[in-house]
Amino acid sequence: MRAKVVQIQANDPQIIAPCGLNCSLCRAYIRERNPCPGCRGSEINKSNACLTCAIKNCKELAAGGHQFCSSCDKFPCAELLHLDARYKAKYGVSAIGNLQHIELARLVIESSIIHDITRA
Ligand code: SF4
Ligand code: SF4
C-alpha cells in the first residue's frame, strides 16, 4: 500500500487553529471522502468533538478578539494544558509549544512595525 503524502500548510494562518494545532496534519482534514475543512472552516463534515470544542467556543477567545490562545490573559488555561498533555502523549505534538512560537512571531512583527513607524 502506498503511503499518502501529507501537505503541511503551516504558512497559512487560517490552517492553524486557535489552540495552536495545525489542521493540515489531521487525518480528518486529509481524508479523501468528506474532508473536514479545518477548525476555522465551515461546519460541514466536522466531528461533534470539533463543533463543541471548549477552546474553539471559548468566550475569552471571542471577547478578547484573539486569533490564538497565546495572546489571551489566561494562557495557558486548564483546558489548553489538558489538550497539550493529550497531544504530547498521543502524537508528540505540543499545542502550547506551537503557540509560544506564534506569539514570538507576533511580537517580532509588531516591534518591527513600531520600528518602521518611528523611523518614518
Ligand atoms: S482542539 Fe478545538 S480549537 Fe483545537 S483544532 Fe480541535 S476543534 Fe479546533
Ligand atoms: S487560553 Fe484558554 S481561556 Fe484563553 S482563549 Fe484559549 S481556551 Fe480560552
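**Exercise 1. Place Pro76 in the chain and describe the peptide bond before it.**

Pro76 sits in the loop between H3 and H4. Helices are DSSP runs of H or I with at least four residues, strands are runs of E with at least two, and both are numbered from the N terminus. The bond joining Phe75 and Pro76 is cis, with omega about -5°. Most peptide bonds are trans.

The model is predicted: local features need pLDDT of at least 70, side-chain atom pairs count only at pLDDT 80 or more, and totals for chains, interfaces and linings use all residues. Residues are numbered from 1 along each chain as its sequence is written, while chains are lettered from A and ligands numbered from 1 in the order in which they are written.

**Exercise 2. Work out which residues surround ligand 2, and sort them by class.**

Step one: list the shell. A residue belongs if its C-beta atom, placed from the backbone, lies within 6 Å of the molecule. The shell holds Ile55, Cys58, Glu60, Leu61, His66, Cys69, Cys72, Lys74, Phe75, Cys77, Glu79 and Leu80.

Step two: find the elements. Helix H3 (59–64) and helix H4 (78–91) each give two or more residues.

Step three: sort. Eight are nonpolar, one is polar and three are charged. Here Ala, Val, Leu, Ile, Met, Phe, Trp, Tyr, Cys and Pro count as nonpolar, Asp, Glu, Lys and Arg as charged, and the others, Gly among them, as polar.

**Exercise 3. Do the same for ligand 1.**

The shell includes Cys19, Cys39, Cys50 and Cys53. Ile55 and Leu83 also belong to the ligand 1 shell. By class, nine residues are nonpolar, none is polar and one is charged.

**Exercise 4. Decide whether Leu99 is buried or exposed, then find its contacts.**

Start with the element: Leu99 lies in helix H5 (residues 95–119). Next, count neighbours. Leu99 is buried because it has 24 C-beta neighbours inside 10 Å. The cut-offs are 20 or more other C-beta atoms within 10 Å for buried, 12 or fewer for exposed, and partly exposed in between, with C-beta atoms placed from the backbone.

Now the contacts, meaning C-beta atoms, placed from the backbone, within 7 Å. Beyond four places in sequence, Leu99 touches Gly20, Phe68, Cys69 and Ser70. Cys19 is 80 residues away in sequence, yet its C-alpha is 7.3 Å from that of Leu99.

**Exercise 5. Compare the exposure of Asn34 and Asn45.**

Asn34 has phi near 50°; Asn45 has phi near 65°. Asn34 is exposed, with 9 other C-beta atoms within 10 Å. Asn45 is partly exposed, with 15.

How values were computed:
Two residues are in contact if their C-beta atoms, placed from the backbone, lie within 7 Å.
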